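Q: Could you give me a close look at one part of this structure, residue by residue where it helps? I'd like one connected account.

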Amino acid sequence: MAQQNTDMLDGLQAAVITDAQKKVNKSKYEFDSLKMYFGEDYEVAGIKISEPTIGDILRIGENNFYQSLSPILYNSTSIRVPLWDMGIKNWCVVKDIEVFSFLSSVPNFNTEPAKLLFKDINIFDFKLYEIKKSSDTETEFCLRNDNLNITLSENDYMQIAEYIRTMLNIHPKVEKAKGKTARKWMVDEDRLNALQKPKNNNNSILLSLISACVNHPGFKYKLQELRNVGICEFMDSVKRLQIYEATNAILHGRYCGFADLSKVPDDQFNFMREI
């Protein structure tokens, strides 16, 4: 039993050190986390982004909601198999703004659920253009809506995308490979995983999180009260409960002497630390 506790705490020690190291690599876009927590609107280049509540997502349908935002939530790694089949063998050079254009142009794409975030415009009416930079040999991408006379630079788009990804706590995996052979292996592995994955269209992103929280003694909201909670506040609660439990386990390890915690950063012993 003592050995099991030691193994568990050693693993936890490694996890918290890794978590602390991840914070060194921050996004270039920094958002006001307090305003996000209180659900205030955010604006980029005249485009307002609103935060939905759990009840909003429940009403419109969770699958519909996330599928509608997939052009913004996905990157080239997420869709490397279809890119490969289209003849784009190096997905690593495909930019997120191109992924947005590719996915939002799919026939019969449902844009309605995204109105929870973009209440004033249809973000998917923006079309991709490649324009010249100041130098004649270089080009850059932008999104343009002629009817609204709004142009989004690639930086504007990435700011919108990163804000929504941060709000929903969904950050797409980034995988790169230099050689074509390595890239083919990764694509083949994706195909194999897709075949082995159970075909269940009712998988819920939020259900396990909600279930875990409402059954945790430290969670203050009851099930029906969650309908009025903003998605950002809820995701913050999920992460805070994880931090609380991890901190509690570390403190037990310190006082019981089951693990060497000398290399664990001091802030990992504080459950009120910044997320």
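A: Buried means under 20% relative accessible area, exposed means over 50% and partly exposed is in between (1.4 Å probe, protein chains only). By that rule T77 counts as buried because its relative accessibility is 7%. This is a predicted model, in which local features need pLDDT of at least 70 and side-chain atom pairs count only at pLDDT 80 or more, while totals for chains, interfaces and linings use all residues. Residues are numbered from 1 along each chain as its sequence is written, and side-chain values use heavy atoms, with hydrogens and water left out.

T77 is our way in. T77 sits in the loop between α5 (70-73) and α6 (80-85); helices (H or I, at least four residues) and strands (E, at least two) are DSSP runs numbered from the N terminus. Setting aside neighbours within four places in sequence, T77 is in contact (heavy atoms within 4.5 Å) with W91, K173, V174 and E175. V99 is 22 residues from T77 in sequence, with 9.8 Å between the two C-alpha atoms. V99 leads us on to helix α7, which covers residues 96-104, and from there to the sheet.

Three strands build this open sheet in the order β3-β4-β5, with antiparallel pairing; two strands pair if DSSP finds at least two bridges between them. At the edges are β3 (127-132) and β5 (150-153), each of which pairs on one side only. On average, neighbouring strands in this sheet are turned by 35° against each other, direction ignored. β4, residues 139-145, pairs with β5 in the antiparallel sense over four bridges. The two strands form a hairpin with four residues between them, and N149 in the turn has a positive phi of about 55°. Two residue pairs help you find the register: C142 has S153 of β5 as its bridge partner, and L143 stands opposite L152 in β5.

Now the helices. α7 packs on the sheet and touches β3 and β4, its direction making about 40° with that of β4. α8 also packs on the sheet, where it touches β4 and β5, with its direction at about 80° to that of β5. Axes here are lines fitted to C-alpha atoms, for helices over the stretch in contact, and angles run from 0 to 180 degrees between N-to-C directions. α7 and α8 (residues 154-168) pack against each other too, at an angle of about 75° and with their axes 9 Å apart. On the α7 side the contact is made by D96, I97 and F100, and on the α8 side by E154, Y157, M158 and R165.

Back on the edge strand β5, the side chains alternate. I150 and L152 point to one face and are buried, while T151 and S153 point to the other and are not.

L152 connects this sheet to I47, a residue of strand β2 (residues 47-49). I47 has 1% relative accessibility, so I47 counts as buried. Not counting residues up to four places away in sequence, I47 touches L152 along with Y42, F118, I121, I123, F126 and I160. One of these, I121, lies 74 residues from I47 along the chain, yet their C-alpha atoms are separated by 7.7 Å.
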